[in-house]
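User: Please take a close look at one part of this model, the place where the protein meets the nucleic acid. Then work outward from there to the parts of the fold that can be described.

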Amino acid sequence: MPELPEVETTLRGILPTLLHSTIDQVIVRNRSLRWPVPDGLEAKLAGQTVENVARRGKYLLIGTPAGTAMLHLGMSGSLRVLDSGIPPEKHDHVDIALTSKKVIRFNDPRRFGSLLWAGDQPFAHPLLAALGPEPLSDTFAGSTLYNAGRNRQVAIKQLIMNSNIVVGVGNIYASESLFRAGINPARKAGRLSRARYDRLATEIKRVLSEAIKMGGTTLRDFHNAEGKPGYFKIKLQVYDRAGKPCNICAQPIKHRVQGQRATYYCSECQT
DNA sequence: CAAAGGTCCTGCTCGC
DNA sequence: TGCGAGCAGGACCTTT
């Protein structure tokens, strides 16, 4: 599920409840997420006051005086803000219970998500240290992609999904931004002009911003901290639209598997 | 049985 | 032959 807009939506949903709150206790019911939840994480967070809640790429960072916890939603994870006392259901792996009698509950059926401890230098953590720029910041531009794509054989779609080059662009928004930029997803990264990279960077920023405004995209699992879906699906031009007419030229949208991921595009509009 | 929105890691291939 | 970079594929899971 969650790409940058969905993680940002989640962040905004938990922020008012979590920021400046005090953690009463953390309950881990299933430690076997993508990586095991470290032993002792509950004890480190208990009694701490949350001084900072942030997002880096698709990682959510919960900062306390004792250190920072790092949470990733993986493919099917979500966070909800609940009142205390609501019994956990299947796949509710972690609760962060607050002294305010609110609970931040992490549910993740596929368990590709993670909850890790990043100490007091979170950005030095191996999972964060090598991440590329935030796509919505000024440190990301056409030049970022152009430089990264020089002389590379890799398909442009895989380039923009590489978190070491730019964070937050997952399978849905990769297809969508390439459609908007008129670029064939299979095109080799080294064979794109600077001008087309400028356009692509612009479209990545636009599609992510628009999706955040609409609360993200819900295909099946994703919901925000209130349990409600995102509404960007109605704006998708190509993703999950195989065989349906292109909104520009009416040719059927094509589907292919690229790097083991579903890719959707219009062979007429995208070159 | 295939596929699902993420992404790290391993191991292969290619070119120097 | 040896090495590193780049790239493809496997891995982690459950649900539909």
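Analyst: In this predicted model, an N or O atom in the side chain of Arg111 is 2.9 Å from a phosphate oxygen of DNA strand C. Two further phosphate contacts use the backbone of the protein. A polar backbone atom of Gln153 is 2.4 Å from a phosphate oxygen of DNA strand C, and for a polar backbone atom of Val154 the distance to a phosphate oxygen of this strand is 2.8 Å.

Gln153 and Val154 are also listed among the closest residues to DNA strand C, together with His91, Arg152 and Arg220. In total, 13 residues surround the strand. Of the atoms of DNA strand C that come within 4 Å of the protein, 63% belong to sugar and phosphate. By class, the protein surface near DNA strand C is made up of 6 charged, 4 polar and 3 nonpolar residues.

Next, the sheet. Four strands form an open sheet in the order β1-β6-β7-β5, and their pairing is antiparallel. β1 (23-28) and β5 (78-83) are the edge strands, each with pairing on one side only. On average, and with direction ignored, neighbouring strands of this sheet are turned by 20° against each other. At one end of the order, β1 pairs with β6 (residues 92-98) in the antiparallel sense, over 5 bridges. Within that pair, Gln25 stands opposite Ala97 in β6.

A helix covers part of this sheet. Helix α1 (residues 4-18) lies across β5, β6 and β7 (102-107). Relative to β5, α1 runs at about 30°.

Helix α1 also packs against another helix. Two packed helices are described by the angle between their axes and the distance between the axes. For α1 and helix α7 (residues 194-213), the angle is about 35° and the axes are 9 Å apart. The crossing of these two helices, α1 and α7, is right-handed. On the α1 side, the residues in contact are Leu4, Pro5, Glu8, Thr9 and Arg12. They meet Leu208, Ala211 and Ile212 in α7. Sorted by class, the contact of α1 with α7 holds 5 nonpolar residues, 1 polar residue and 2 charged residues.

To return to the starting point, the phosphate contacts described here involve the side chain of Arg111 and the backbone of Gln153 and Val154.

Methods: Residues are numbered from 1 along each chain as its sequence is written. Chains are lettered from A and ligands numbered from 1 in the order in which they are written. This is a predicted model: local features need pLDDT of at least 70, side-chain atom pairs count only at pLDDT 80 or more; totals for chains, interfaces and linings use all residues. Side-chain values use heavy atoms; hydrogens and water are left out. Two strands pair if DSSP finds at least two bridges between them. Axes are lines fitted to C-alpha atoms, for helices over the stretch in contact, and angles run from 0 to 180 degrees between N-to-C directions. Contact means heavy atoms within 4.5 Å. A crossing is left-handed if the near helix is turned anticlockwise from the far one by less than a right angle, and right-handed if clockwise. Ala, Val, Leu, Ile, Met, Phe, Trp, Tyr, Cys and Pro count as nonpolar, Asp, Glu, Lys and Arg as charged, and the others, Gly among them, as polar. A residue is near a molecule or strand if one of its heavy atoms lies within 4 Å of it. A polar contact is a pair of N or O atoms within 3.5 Å; within protein, one must be able to donate a hydrogen and the other to accept it, and residues adjacent in sequence count only if both atoms are side-chain atoms.
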